[in-house]
Amino acid sequence: MAEQPVQPKMTARALAVHYGGKPALKGVDLDVAAGEVTALIGPSGCGKSTFLRCLNRMNDTIPAARVSGSVSLDGEELYGPAGMDPVLLRARVGMVFQRPNPFPKSIYDNVAFGPRLHGLAAEGDEMDTLVRRSLERAGLWKEVKDVLDGQGTGLSGGQQQRLCIARAIAVSPEVILMDEPCSALDPIATARIEELIDELCEAFTIVIVTHSMQQAARVSQTTAFFHLGEIIEVGATEQIFTAPANALTQGYITGRFG
Ligand SMILES: Nc1ncnc2c1ncn2[C@@H]1O[C@H](COP(=O)(O)OP(=O)(O)OP(=O)(O)O)[C@@H](O)[C@H]1O
């Protein structure tokens with residue numbers, strides 16, 4: 001029997017974004033495969049972050065942004081009259097930002113924040129277990145288990161980013177979006193986050209924006225190359241980096257521009 005095509009976790013079709021009339025994305029199509037890491041690469045200002053933010057309606061928070069076209073999660077439309085509730089959507093499609101941004105709360109309360117908002121666990125043993133499990137999965141438990149009452153903002157940059165990952169994981173999202181998650185980190189903290197991405201993609205679908213082509217090559221299975229608001233090429237990461245089909249992709253990955 002012929003193999004069934006795998007249903008993509010998320011799809012974007014004719015996705016366009018304008019900021020106050022200025023186009024930032026010009027009708028982009030992309031399928032995000034389930035259980036994989038998809039990397040978005042391309043020169044500064046080409047629309048990578050704008051695209052990423054469309055996947056959990058974070059552009060809704062930017063008054064000048066106008067989104068058209070379609071994005072779906074497991075076939076369910078995010079935008080339009082029958083679109084998804086953004087708060088529920090963001091529990092299913094979590095986000096980790098460029099600069100670690102823990103809340104000015106304790107480490108415990110940072111991780112418990114989402115589960116409390118969505119009523120996912122009762123206070124006490126159940127919440128303790130969820131907080132511990134999330135910190136373990138983010139590779140931070142051992143470092144913080146004795147200081148759970150300490151401020152999240154008191155951790156090192158790399159630890160703060162892992163705390164933000166624990167916070168995202170705590171609500172059991174299906175997809176995690178990462179917008180240059182290592183750009184504020186040193187090489188050791190970066191390596192830890194990359195290892196973590198490798199582990200997390202067993203359970204979550206991940207989409208990562210990165211300026212580092214080495215990072216895209218190390219962590220992703222699929223890479224999409226953006227240029228001036230369009231996707232020029234998308235394919236298996238190995239193919240994109242060894243045998244790109246498009247001359248613009250070739251120019252970018254060989255450092256001729258960008
Ligand atoms: N909040 C905003 N208001 C107005 N214009 C914006 C806003 N965010 C992005 N833009 C514009 O949209 C275009 C795409 O920006 P975006 O940040 O998505 O690109 P990027 O590829 O992620 O860039 P970088 O790699 O530098 O982060 C740029 O021209 C940018 O100036």
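Two residues are in contact if their C-beta atoms, placed from the backbone, lie within 7 Å. The legends below describe close-up views of a predicted model.

**View 1. Surroundings of Gly235 in strand 10.** Gly235 belongs to strand 10, which spans residues 230-236. Apart from its neighbours within four places in sequence, Gly235 is in contact with Thr223 and Ile240. The C-alpha atoms of Gly235 and Thr222 lie 5.6 Å apart, although 13 residues separate the two in sequence. Gly235 counts as partly exposed because 17 C-beta neighbours fall inside 10 Å, whereas a buried residue would have 20 or more and an exposed one 12 or fewer.

**View 2. The mixed sheet of six strands.** The strands of this open sheet follow the order 6-7-8-3-9-10, and their pairing is mixed. Strand 6 (93-96) and strand 10 occupy the edges; each has a single partner strand, so one side of each is left without a neighbour in the sheet. On average, neighbouring strands of this sheet are turned by 20° against each other, direction ignored.

**View 3. Pairing of strand 3 with strand 8, and the packing of helix 6.** Strand 3 (residues 37-41) and strand 8 (residues 205-209) run parallel and are joined by four bridges. Within this pair, Val37 stands opposite Ile206 of strand 8. Helix 6 (residues 157-169) packs on the sheet, where it touches strand 6 and strand 7 (175-179). The direction of helix 6 makes about 170° with that of strand 6.

**View 4. The antiparallel sheet of four strands.** Strands in the order 2-1-4-5 form this open sheet, with antiparallel pairing. Its edge strands are strand 2 (22-32) and strand 5 (76-77), each of which pairs on one side only. Strand 1 (residues 10-19) and strand 4 (residues 65-73) are paired in the antiparallel sense over eight bridges. His18 faces this partner strand, standing opposite Arg66 in strand 4.

**View 5. The residue shell around the ligand.** The residues around the ligand are Tyr19, Ala24, Gly42, Ser44, Gly45, Cys46, Gly47, Lys48, Ser49, Thr50, Ile62 and Ala64. Helix 1 (residues 48-54) contributes the largest share of this shell, three residues. Classified by side chain, the shell comprises five nonpolar, six polar and one charged residues.

Conventions: Residues are numbered from 1 along each chain as its sequence is written. This is a predicted model: local features need pLDDT of at least 70, side-chain atom pairs count only at pLDDT 80 or more; totals for chains, interfaces and linings use all residues. Helices (H or I, at least four residues) and strands (E, at least two) are DSSP runs, numbered from the N terminus. Two strands pair if DSSP finds at least two bridges between them. A residue is near a molecule or strand if its C-beta atom, placed from the backbone, lies within 6 Å of it. Ala, Val, Leu, Ile, Met, Phe, Trp, Tyr, Cys and Pro count as nonpolar, Asp, Glu, Lys and Arg as charged, and the others, Gly among them, as polar. Axes are lines fitted to C-alpha atoms, for helices over the stretch in contact, and angles run from 0 to 180 degrees between N-to-C directions.
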